[in-house]
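Colleague: Please take me through the terms you would use for this model, and set the value behind each one against its cut-off.

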Amino acid sequence: MAGREALARHPLAIAGALITTASAVAFIALGIAVLAGLFNNPYAGLVVFVAIPVLFVLGLLLIPVGMRLQQRKLLRDPAAPTDWPVFDFRRASVRRTALLITALTAVNIVIVLLAGYGSLHWMESPTFCGQVCHTPMHPQFTAWQAASHSRVACVNCHVGEGAAGFVHAKMAGVRQLVHVMTNSVPKPIPPGGDLPPVAQTCLNCHTPGHTVPDRIRTFREFSDDETNSETTTVMQMHMGTSPKSTRSIHWHADPANRVEYVATDATRETIPYVKVTNASGQVKEYRAADTTDETIKSGTARTMDCRDCHNTIGHPISPTAEQAVDRAIAAAQVARELPFVRREGVRLVTATYASQDDAMSAIESGLRSFYQSQGGSVDQQALSRSVTGLQDVYRRNVFPSMMVSFGSYPTNRGHFTSTGCFRCHDDSHTAADGSTISAECELCHTQIETP
Ligand code: HEC
Ligand code: HEC
Ligand code: HEC
Ligand code: HEC
Ligand code: HEC
């Protein structure tokens, strides 16, 4: 009689059993090693939580396939019994085999569940998003590490809640994987993109509707002269009310109001039409000069939310080299006491280099040779600190492999380095009653005179 053992003798079934056993052992051993933090290679997770489980399941599938093939082969043999094998549970050996198979199945289920849980968990880590998909996400991953949300995982802003959000994100992930494999990731990755509603992301942690005091902001800029002279602007940002109005900057984010707009370009730079619906349902429409119904129809409509101003919040790339160098000087990462360090710093970080590695050595030799050529003595400690500071400015903002540089991702929060607030607040978007979206400085901030 063709027993189980005979059926399992098919080479495919044997291969399956070997693959399954080997990957189960490997999964348990490597899984423990990864959890214990023995590997910090980003690809370890890919192997342990994706590749090995796939092998494991493949092996499991091969076993019944092999057995089925073997059974067919035996059936073709005229001497073989044509009926299904009979299991006689009165025999101890049959009971033992059945028990063994049940126990092994239970172990297999546990392994598959563990692997599934591990792989989901691991795929939600910034390491997966930023490092496994290394080159394409390198700019965002690097900028994120230095930003205010470095403790907020990518998925908290990029993946919506519930099964729908999960499926949506995984579908997008598959598309991106295809882009990576076919080498067709756009360079740079364009801003914008498909994000979940802010109610499922930002609003899990922030409540902009709460009354908050004004924020005091200090903007420090340095000049290209020998002493790197400083200009300081102190602004009281009207998060509460302003001298001109009882409404604040976060008026747009108040759920009681709805601000809808139409943009005619992909980066939402040009906004010819804005529509406001207030709490009592009153509607007011503003149009930029010479806007026709056709222009409005040809554009894309959107309801304003956090992203329309805080678009670069997750991973800001500095809009200009000057701003990045000024911040490094203000933070003493670049030594202000070095003559012309602002001018030289901007020159070195904006030069063209083939790669980040090339840039690191060129910035070092460039700054050192400048001070050598100036003659006289230079504070070596300040010089070394400034080299590192400028290298960091470059490393965080310029990514030749992804064609990302200063200004690749303009910020809409403000109006100096890009149009930002002035896309609408330009005093020329006019309503039927002749009123405009105001550009009056004091609506948004009051400058505090410093002695
Ligand atoms: C605090 C929220 C937040 C976090 C955390 C965050 N992002 Fe984003 N990300 C955004 C927003 C908002 C946009 C859309 C920008 C826009 O509308 O122009 C975006 C856009 C992007 C884009 C498109 C290109 C661009 O820069 O606009 C990529 C790629 C990206 N994020 C990757 C990542 C990766 C990788 C991580 C984790 C290392 C991450 N993000 C973490 C909020 C976030
Ligand atoms: C998981 C929680 C979490 C999520 C999600 C989140 N934030 Fe934050 N956010 C924080 C924390 C915590 C801080 C304070 C960070 C600090 O000051 O070090 C912060 C700070 C900020 C700040 C002030 C600091 C700055 O860089 O200007 C802004 C603005 C902000 N978040 C906007 C957003 C927006 C917009 C989103 C959605 C795209 C968002 N946050 C999503 C937790 C979160
Ligand atoms: C019209 C543009 C705009 C919109 C829309 C907007 N913000 Fe802001 N937000 C600002 C500006 C401007 C500041 C002040 C920044 C500064 O201090 O320079 C700010 C400050 C903040 C801060 C830090 C100050 C604080 O009160 O702690 C947080 C957090 C924040 N916004 C979160 C959000 C969230 C969440 C949303 C969406 C619900 C949102 N913002 C919508 C423009 C906007
Ligand atoms: C998509 C268009 C749009 C953008 C972009 C925009 N706003 Fe507004 N904002 C409006 C509209 C519309 C109003 C209400 C005008 C009205 O009906 O009086 C408004 C009102 C305001 C008010 C209250 C003014 C008052 O009269 O009380 C402040 C403050 C404000 N915005 C600040 C900002 C800041 C800061 C930014 C940039 C970070 C910004 N806005 C970007 C459309 C916009
Ligand atoms: C619709 C709101 C709004 C209006 C109107 C507005 N500003 Fe601003 N302004 C901002 C915001 C928001 C910032 C903060 C930008 C940032 O966070 O980097 C800012 C920043 C500034 C800064 C400091 C920027 C820097 O990088 O040095 C100056 C100076 C300034 N504004 C001047 C003005 C003047 C002058 C006017 C009037 C002609 C004006 N603003 C009108 C919203 C506004």
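Modeller: I would begin at ligand 3 of this predicted model, where a polar side-chain atom of Arg 217 lies 2.2 Å from an oxygen atom of the ligand.

Colleague: What makes that pair at Arg 217 a polar contact?

Modeller: A polar contact is a pair of N or O atoms within 3.5 Å, and the pair formed by Arg 217 and an oxygen atom of ligand 3, at 2.2 Å, therefore meets that limit. Two further pairs pass the limit: an N or O atom in the side chain of Arg 215 is 3.0 Å from an oxygen atom of ligand 3, and one in the side chain of His 310 is 2.8 Å from a nitrogen atom of this ligand. Arg 217 and His 310 are also among the closest of the 18 residues that surround ligand 3, a shell that has 10 nonpolar, 4 polar and 4 charged residues.

Colleague: Which residues are the protein donors of the iron atom of ligand 4, and how do you know that they are donors?

Modeller: They are His 252 and His 425, each through NE2, lying 1.9 to 2.0 Å from the iron atom; a donor is an N, O or S atom within 2.8 Å of the metal, so both nitrogen atoms qualify. The pair links distant parts of the chain, with His 252 in the loop between strand S2 (230-237) and strand S3 (258-263) and His 425 in the loop between H13 and H14, 173 residues apart.

Colleague: Why is the site of the iron atom of ligand 4 called octahedral?

Modeller: Six donors count as octahedral if opposite donors are over 155 degrees apart and all others between 65 and 115, and the 6 donor atoms here, with angles of 87 to 180 degrees, are classed as octahedral on that basis. The ideal angles for six octahedral donors are 90 or 180 degrees.

Colleague: Is His 252 buried, exposed or partly exposed, and what is the value behind the term?

Modeller: His 252 has a relative accessible area of 23%, and since buried means under 20% and exposed over 50%, this residue is partly exposed.

Colleague: What makes the arrangement around the iron atom of ligand 5 octahedral?

Modeller: The 6 donor atoms subtend angles of 84 to 179 degrees, which makes the arrangement octahedral. Two of the coordinating atoms are NE2 of His 415 and NE2 of His 445, at 1.9 Å. His 415 lies in the loop between helix H13 (380-397) and helix H14 (441-444) and His 445 in strand S7 (residues 445-448), so the pair ties together parts that are 30 residues apart in sequence.

Colleague: How do the terms buried and partly exposed apply to His 415 and His 445?

Modeller: At 28%, His 415 is not under the 20% cut-off and counts as partly exposed, whereas His 445, at 16%, is under that cut-off and is buried.

Colleague: Why is Asp 290 called exposed?

Modeller: The relative accessible area of Asp 290 is 77%, and exposed means over 50%, so the term applies. Asp 290 is placed in the loop between strand S5 (283-287) and helix H9 (293-298), and its phi is near 60 degrees, a positive value in a residue other than glycine.

Colleague: Where does Asn 228 lie, and is it buried or exposed?

Modeller: Asn 228 lies in the loop between S1 and S2 and likewise has a positive phi, of about 50 degrees, although it is not a glycine. With 0% relative accessibility against a limit of under 20%, Asn 228 counts as buried.

Key. Residues numbered from 1 in each chain as written. Chains lettered and ligands numbered in written order. Predicted model: local features only at pLDDT ≥ 70, side-chain atom pairs only at ≥ 80, totals over all residues. Heavy atoms only, no water. Donors = N, O, S within 2.8 Å, 3.2 Å for Na, K, Ca; no water. Tetrahedral: all angles 85-135°; square planar, octahedral: opposite > 155°, others 65-115°. Helix = DSSP H or I, 4+ residues; strand = E, 2+ residues; numbered from the N terminus. Buried < 20%, exposed > 50% of the residue type's maximum accessible area, 1.4 Å probe, protein only. Near = heavy atom within 4 Å. Polar contact = N/O pair within 3.5 Å; in protein donor to acceptor, adjacent residues only side chain to side chain. Nonpolar A, V, L, I, M, F, W, Y, C, P; charged D, E, K, R; others polar.
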